[in-house]
Amino acid sequence: MSDHRRPFQRARRWTSQAPQASAARRRRRPASPRLLNTARTRDAEFDLGDNYMHRREFLVASLATLASSTALAQTKMDMSNMDSMPGMDMSGHAGHDMGPMAKGAVALPEGEALRNLPLLASEASTPGLFKAKLTAEPTVARFAEELDTPILAYNGMSPGPLIEAYEGDRVEIAFANRIEGEQSTIHWHGMPVPADQDGNPMYPVAAGADRVYVFDLPEGSAGSYWYHPHPHGKTAEQVYRGLAGAFVVKAKTDPVPAEYGDTVLVFTDLRLAADGSMPENTMTDLMNGRVGDHVLVNGQKNPKLSVAMGAKRRFRLYNATNARYLKLAFDGAPMTIIGSDGGLLEAPVAAREILLSPAERLELVVSFEKSGPVTLYTLDYDRGWMGPGRPADAGLTLLTVDVSDNLAGPVPPIPERLRPIAQLGNPTASRRLVLTETMTMTATDRQMGFLINGKAFDMGRIDIVSKAGQTELWEIVNQADMDHPFHLHGTQFQVIEHERGGKVTKSPYLAWKDTVNVARGETVRLLLRQERPGQRMYHCHLLEHEQLGMMGVVDVRA
Ligand code: C2O
Ligand code: CU
Ligand code: CU
């Protein structure tokens with residue numbers, strides 16, 4: 001019992017370290033007076049909370065009128081010079097252009113046994129009720145030897161505790177926001193919860209305040225969901241500082257053999273400065289989304305998992321990074337996709353490699369047929385990168401599986417049918433959402449905006465009015481220079497087709513999704529139906545883009 005509460009990252013409370021750490025960060029900034037001035041302004045913006053947001057909204061809104069391809073091209077040309085420009089802190093993180101273990105990057109221990117994420121225990125004894133507490137608060141983690149890293153954690157852990165509940169359960173989670181000076185919320189990513197229980201930015205929980213989230217898990221909702229903060233203007237930062245966790249809804253009867261186990265693998269992305277602190281976002285991070293120096297699995301770098309020869313294992317893969325695309329393969333073990341964001345597919349699909357864009361999840365069965373080490377590693381994927389410092393994505397080992405010579409016991413085959421998925425019918429409304437980027441630069445300021453239909457997010461504006469229970473066709477058109485993972489709250493959708501350069505590719509199988517990558521120059525068409533009334537967000541899940549405006553509100557009316 002006390003084991004469950006044991007902080008995952010050997011965390012302890014901190015109060016005094018925080019100001020020291022940020023004072024140290026400030027001291028290390030370059031000593032040019034112009035740079036110092038800019039640095040101070042940026043720190044002040046981060047500290048001001050509401051004022052910062054208002055200023056940012058104003059700036060981003062003013063961008064919408066300045067969008068032109070000339071301005072964009074100009075900006076991109078200037079990006080090669082960014083090091084010499086005031087306010088462009090391109091030197092804040094070492095070695096991005098040289099990959100994750102470049103000089104200056106802090107080394108992390110590898111090869112520890114993979115930890116299972118600690119389960120969030122239900123306090124309820126009534127069957128069908130899942131009741132628990134989640135507290136978001138600062139703590140200190142130890143990622144690298146002798147380096148303290150101030151992080152944010154749920155119940156002292158990052159990733160947060162694994163929540164497991166069953167279809168049909170009522171969930172009651174009391175949330176305590178103990179992040180000093182910052183609003184927060186808990187958003188139940190992908191889950192069919194009422195709009196006012198979904199942790200939208202319209203329902204902030206003030207610093208020091210509490211609230212209870214209550215929702216029911218409908219039949220058929222089994223799937224791999226997750227939870228993370230969604231406060232206005234602070235989502236990206238709170239997530240990269242450590243706030244994210246997995247929420248697995250289990251089916252009462254699961255067609256996947258229990259012999260496969262059920263292992264959750266949450267990928268996060270960590271960047272550490274030499275003193276162990278997490279550097280703030282730079283201009284490069286804001287443009288491209290923050291990519292770290294180390295991809296972690298359940299908080300560990302390249303952990304080890306031991307299995308018997310011939311075993312099959314079920315894995316739930318979560319991309320909980322702010323902005324890192326993960327193109328993955330197991331070296332020497334065949335993969336079969338059995339589920340997507342919103343639960344099982346109709347039938348298993350063999351895969352040689354998979355692309356998991358930020359916020360996406362996949363369920364896999366992996367067959368370990370030969371003894372010896374098998375690695376889960378990354379392949380190259382070009383998602384469009386602005387300016388210098390494109391991270392070297394290929395060749396990272398995320399997990400090492402040691403397949404022993406001992407034979408596994410009897411292993412049942414993967415079932416041929418998993419569950420039926422009803423095709424969403426003919427749409428009665430259609431929407432077109434065009435994603436664009438804008439950049440402006442003046443002698444004193446550089447601003448960028450990420451827009452949907454030419455507009456930056458405004459919490460007071462309703463962008464789309466929908467009718468509950470009505471099937472709609474959404475067409476997401478990416479006219480920007482980067483891929484954007486598109487996410488919608490409140491329901492799961494079905495991707496019908498991708499179109500690029502006039503070529504239409506139909507989805508090869510039906511799947512429930514809440515996040516889909518829309519590649520540069522691509523149009524993705526999806527069918528969806530919202531069942532519950534209320535305001536829902538849709539946005540790019542590169543969280544820095546969400547922060548810079550690539551988000552809208554759909555009001556679902558009864
Ligand atoms: Cu995973 Cu609106 O978020
Ligand atoms: Cu979401
Ligand atoms: Cu984006």
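A nonpolar core is a set of buried Ala, Val, Leu, Ile, Met, Phe, Trp, Tyr and Cys residues joined through side-chain atoms within 4.5 Å. Buried means under 20% relative accessible area, exposed over 50%, and partly exposed in between (1.4 Å probe, protein chains only).

The model is predicted: local features need pLDDT of at least 70, side-chain atom pairs count only at pLDDT 80 or more, and totals for chains, interfaces and linings use all residues. Residues are numbered from 1 along each chain as its sequence is written, chains are lettered from A and ligands numbered from 1 in the order in which they are written, and side-chain values use heavy atoms, with hydrogens and water left out.

**Exercise 1. State which residues touch the most other members of the largest nonpolar core, and list the contacts of F486.**

Step 1. The largest nonpolar core has 34 residues, and W474, F486 and Y538 touch the most other members.

Step 2. Contact means heavy atoms within 4.5 Å. Leaving aside neighbours within four places in sequence, F486 is in contact with L433, W474, I476, F493, D514, T515, V516, V518, Y538 and H539.

Step 3. A second, separate core holds 33 residues, including V295, I354, V366 and V401.

Step 4. In soluble globular proteins, nonpolar side chains tend to be buried together. In this protein, buried residues make up 59% of the 558 residues.

**Exercise 2. Describe the coordination of the copper ions, ligand 3 and ligand 2.**

Step 1. Donors are N, O and S atoms within 2.8 Å of the metal (3.2 Å for Na, K and Ca); water is not among the atoms, so sites may look incomplete.

Step 2. For ligand 3, the donors are ND1 of H484, SG of C540 and ND1 of H545, at 1.9 to 2.1 Å. Their spacing along the chain is H-x55-C-x4-H. C540 and H545 are both buried.

Step 3. For ligand 2, NE2 of H187 and NE2 of H487 coordinate the copper ion at 1.9 Å. This pair links distant parts of the chain, with H187 in strand 5 (residues 187-189) and H487 in strand 24 (residues 484-488), 300 residues apart. H187 and H487 are buried.

**Exercise 3. Give the strand order of the open sheet of 5 strands, and explain why one side of strand 22 and of strand 27 lacks a neighbour.**

Step 1. Helices (H or I, at least four residues) and strands (E, at least two) are DSSP runs, numbered from the N terminus. The protein has 8 helices and 30 strands.

Step 2. Two strands pair if DSSP finds at least two bridges between them. The order is 22-30-29-24-27, with mixed pairing.

Step 3. Strand 22 (464-467) and strand 27 (515-518) stand at the edges with a single partner strand each, so one side of each has no neighbour in the sheet.

Step 4. Strand 29 (residues 534-540) and strand 30 (residues 551-557) pair in the antiparallel sense over 6 bridges. The bridge partner of G534 in strand 30 is V556.

Step 5. T515 is found in strand 27. T515 counts as buried because its relative accessibility is 0%. Not counting residues up to four places away in sequence, T515 touches H189, D341, P358, A359, E360, R361, P485, F486, H487 and F493.

**Exercise 4. Describe the open sheet of 4 strands and the burial of strand 2.**

Step 1. The order is 2-1-4-6, and the pairing is mixed. Strand 2 (149-154) and strand 6 (210-216) are the edge strands, each with a single partner strand, so one side of each is left without a neighbour in the sheet.

Step 2. Strand 1 (residues 129-141) and strand 4 (residues 170-177) run parallel and are joined by 8 bridges. L134 stands opposite F175 in strand 4.

Step 3. Strand 1 and strand 2 run antiparallel, joined by 6 bridges. V140 stands opposite P150 in strand 2.

Step 4. In a regular strand the side chains alternate between the two faces of the sheet. From strand 2, T149, I151 and A153 point one way and P150, L152 and Y154 the other way. Of the 6 residues in strand 2, 6 are buried.

**Exercise 5. Compare N155 and N453 in backbone phi and burial.**

Step 1. Phi of N155 is near 50°, a positive value in a residue other than glycine. Phi of N453 is also near 50°.

Step 2. N155 is found in the loop between strand 2 and strand 3, whereas N453 lies in the loop between strand 21 (446-452) and strand 22.

Step 3. N155 is buried, with a relative accessible area of 17%; N453 is partly exposed, at 41%.
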